[in-house]
Structures are given as C-alpha cells and as structure tokens.
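Take a look at the structure below. The report then walks through its surface, its helices and its charged pairs.

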Amino acid sequence: MTEPDPEPPQQDDSRRHETELERYDRNWAEILQELRVTQMGTQILTGFLLAAAFQAKIDELTPFQQTTYLVLVVLGVTTTALGLVPVSLHRTLFRHGMKKAVVDMGHRILWLVMVGVGLMLSGTAILIFDLVLGTPWSLVAGAYVLIALVAFVLVPRAIYRRPEPDSQARSDQA
C-alpha cells in the first residue's frame with residue numbers, strides 16, 4: 001500500500017498556454033478579487049462595531065461584553081488593515097521583478113485575513129448572543145460559528161484530497 005501524496009495534485013495549467021509570469025499575473029488578479037470580497041465584509045462589520053461605541057446602551061455592557069466588544073474592535077481594525085497589505089506590498093515591489101514573491105506573500109496574508117474574518121464572525125456571535133441570551137449561550141454560538149467556518153475550509157480540502165476510485169471500481173458501480 002502506498003502512502004498518499006503530501007502535496008495535492010497540481011492543476012494542469014498546460015492547457016492555459018501561459019508563461020510563468022502570466023500565471024503569476026493571473027494568480028495576483030485572483031488574490032485581489034478574493035481580497036475585495038473579504039475587505040467589503042470586514043470593513044462593514046468593523047464600521048458597525050466602531051459606530052456601536054456611540055450608542056446610548058454602550059454604558060450598560062457587562063465587563064465580559066465590554067471586553068468582547070473591544071477585542072472585536074481591535075480585531076476588526078487589524079484585519080481591515082491587514083487586507084490592505086498586499087496592495088501596499090505590490091506598490092512597493094512594483095516593477096522590481098518580484099511578482100512571484102508578491103503572489104506568495106499575498107497568498108499568505110489573505111489566509112491571515114480569512115482567519116481574522118472568522119474570528120470576527122465568531123466574536124460577533126458571542127457578543128450578540130451574550131446581549132440577548134447570556135454568556136453560556138454566547139459561548140455555544142461562538143463555538144458553533146468557529147467550528148462551522150473551520151469545517152467549511154477543511155471539508156472541501158478533505159474531499160479534494162480523496163483519491164479517485166480506480167476505473168474498475170467505477171465500472172462496478174455503474
């Protein structure tokens with residue numbers, strides 16, 4: 001029995017008929033598109049969190065709610081700023097022949113942004129459930145959101161890495 005490949009199978013890019021630089025350009029465009037999606041949600045959520053500080057009921061928050069709120073504000077501002085780093089990186093390294101490095105760093109930063117968004121979503125669920133139902137339910141809701149988000153990332157990866165059934169097994173099923 002052979003061990004599975006540690007690397008996922010590579011997509012056959014030979015059908016694209018693109019040079020290595022064209023592939024990096026395409027990858028960079030895809031990263032920017034993904035950043036646009038995450039930035040929109042992050043900026044809106046952060047804006048709501050920042051605006052909440054000016055609501056009259058902010059003084060009625062429990063110490064747990066205040067801490068959760070302030071952690072969310074810091075996390076939101078940090079995640080929003082982190083989402084701007086790839087653009088700044090591109091501007092800094094523009095025309096220096098470092099497209100591969102920009103794409104690789106942009107990819108890693110995008111993962112950090114997605115982690116920040118996931119933590120923001122989980123924390124927001126905690127804060128809202130704590131305001132409405134109390135701390136025990138808020139922790140359940142926050143854990144559920146975090147587990148669901150992790151599952152949304154891991155399940156497709158597990159399915160993608162599942163070995164293809166051989167042709168004999170497929171013909172037996174038909």
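## A nonpolar patch

A nonpolar patch is made of residues with over 30% relative accessible area and no salt bridge, whose nonpolar side chains are joined within 5 Å. This model is predicted, and it has such a patch on its surface. The members are Ile-128, Phe-129, Leu-131, Val-132, Leu-133, Trp-137 and Val-140. Together they have about 710 Å² of accessible area.

Two elements, α3 and α4 (135-161), each give two or more residues to the patch. Helix α3 gives the most, with four residues. Ile-128 is one of the patch members, and its place is in helix α3. Is Ile-128 buried, partly exposed or exposed? Its relative accessible area is 46%, so Ile-128 is partly exposed.

## How far to trust the model

The average pLDDT of the protein is 80. Of the residues, 82% score at least 70. Residues 1-9 are a weak spot in confidence, with a pLDDT below 50. Beyond near neighbours in sequence, this stretch has three contacts in the model. Where pLDDT is low, the predicted coordinates should not be read in detail.

## Helix α1

Helix α1 covers residues 20-52, which makes 33 residues. What span should these residues give at 1.5 Å a residue? The expected value is 48 Å. The C-alpha atoms at the two ends are 48 Å apart, so the model agrees with the expectation.

Many names appear on the buried list of α1, including Tyr-24, Trp-28, Ile-31, Leu-32 and Leu-35. Further along the helix, Leu-45, Thr-46 and Leu-49 are buried too. Polar residues such as Thr-38, Gln-39 and Thr-42 are also on the list. Gln-43 sits in helix α1 as well. With a relative accessible area of 37%, Gln-43 is partly exposed, because buried means under 20% and exposed means over 50%. Along the chain, Gln-43 and Thr-79 are 36 residues apart. In space, their C-alpha atoms are separated by 8.9 Å.

## Salt bridges around Arg-26

How many salt bridges does a search of the whole structure find? The search finds three. Arg-26 takes part in a salt bridge with Glu-18, at 2.7 Å from N to O. Arg-26 also meets Glu-30 in a salt bridge, at 3.4 Å from N to O. Glu-18, Arg-26 and Glu-30 are therefore linked in a network, since a salt bridge needs a Lys or Arg nitrogen within 4 Å of a carboxyl oxygen of Asp or Glu.

Arg-26 and Glu-30 are four residues apart in helix α1, so about one helical turn separates them. Arg-26 counts as buried because its relative accessibility is 19%. Glu-18, at 21%, counts as partly exposed. Glu-30, at 38%, counts as partly exposed as well.

## The pair in helix α3

The remaining salt bridge joins Asp-104 and Lys-100. Their closest N and O atoms are 2.8 Å apart. Where do these two residues lie? They lie in helix α3, which covers residues 99-132. They are four residues apart there, so about one helical turn separates them.

Asp-104 has 26% relative accessibility and counts as partly exposed. Lys-100 has 43% and counts as partly exposed too.

How values were computed: Residues are numbered from 1 along each chain as its sequence is written. Side-chain values use heavy atoms; hydrogens and water are left out. The expected span of a helix is 1.5 Å times one less than its number of residues. Buried means under 20% relative accessible area, exposed over 50%, partly exposed in between (1.4 Å probe, protein chains only). A salt bridge is a side-chain nitrogen of Lys or Arg within 4 Å of a carboxyl oxygen of Asp or Glu. Patches are made of residues with over 30% relative accessible area and no salt bridge: like charges are joined within 9 Å, nonpolar side chains (Val, Leu, Ile, Met, Phe, Trp, Tyr) within 5 Å. Accessible areas come from the Shrake-Rupley method with a 1.4 Å probe; for residues, only the protein chains shown count as cover. pLDDT is the predictor's confidence in each residue, from 0 to 100. Contact means heavy atoms within 4.5 Å.
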